[in-house]
Amino acid sequence: MKIGNSPEGSASPPKADRVDKTASSRKSETAQPIKAPPLAQAPAASAQVDISKAAQLAASAGSENDSFDAAKVDRIAKAISEGKFTVNASAIADKLVANAQELLSARANKH
């Protein structure tokens, strides 16, 4: 028995279920586009969400961090668009190794 064959019948659909490809291609040439029904309005909000004090504190601490430099982002974007941006693969590799070592040593200290 082949995989995918059911014991009840053959793999091909009954004659009535087969598609006449020439008839369907003729219909597509003259068919009008089908209009979709109008979208239903979105239901009203049904849930109340409360943010914990810890989450509020974490969110506010992140916004006070001055690690984002918009001017630097603009300089990098300009360099990329002008084709002048170069990637220092050695520096990236060094930082990845340093981060991995830091994570491994932190993990070793926990156990």
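Hi everyone, let me start with helix α3: its 12 residues reach 16 Å from the first C-alpha to the last, close to the 16 Å expected at 1.5 Å a residue. Keep in mind that this is a predicted model. Helix α3, residues 70–81, has the highest mean pLDDT among the elements of the chain, at 93.

Now for the two ends of that helix. At its start, a side-chain oxygen of Asp69 comes to within 3.3 Å of the backbone nitrogen of Ala71. After α3 comes Gly83, and its phi is positive, near 75 degrees.

Let's step back to the whole chain. You'll find four helices and zero strands, so to speak an α-α-α-α run from the N terminus on. Confidence varies along the way: helix α1, residues 21–30, has the lowest mean pLDDT of the elements, 53. Over the chain the mean is 75, with 60% of the residues at 70 or more.

How much of the chain is buried? Buried residues make up 2% of the 111 residues. The accessible surface comes to about 11,100 Å², and carbon and sulfur atoms account for 58% of that.

That brings me to my favourite part, a nonpolar surface patch of about 570 Å². Its members are Ile76, Ile80, Phe85, Val87, Ile92 and Leu96. Helices α3 and α4, the latter spanning 89–110, each supply at least two residues of this patch.

One last stop: Ile80, which sits in helix α3. Is Ile80 buried or exposed? Its relative accessible area is 53%, so Ile80 counts as exposed, the cut-off being over 50%. Thanks, friends!

Key. Residues are numbered from 1 along each chain as its sequence is written. This is a predicted model: local features need pLDDT of at least 70, side-chain atom pairs count only at pLDDT 80 or more; totals for chains, interfaces and linings use all residues. Side-chain values use heavy atoms; hydrogens and water are left out. Buried means under 20% relative accessible area, exposed over 50%, partly exposed in between (1.4 Å probe, protein chains only). Accessible areas come from the Shrake-Rupley method with a 1.4 Å probe; for residues, only the protein chains shown count as cover. pLDDT is the predictor's confidence in each residue, from 0 to 100. The expected span of a helix is 1.5 Å times one less than its number of residues. A polar contact is a pair of N or O atoms within 3.5 Å; within protein, one must be able to donate a hydrogen and the other to accept it, and residues adjacent in sequence count only if both atoms are side-chain atoms. Patches are made of residues with over 30% relative accessible area and no salt bridge: like charges are joined within 9 Å, nonpolar side chains (Val, Leu, Ile, Met, Phe, Trp, Tyr) within 5 Å. A salt bridge is a side-chain nitrogen of Lys or Arg within 4 Å of a carboxyl oxygen of Asp or Glu.
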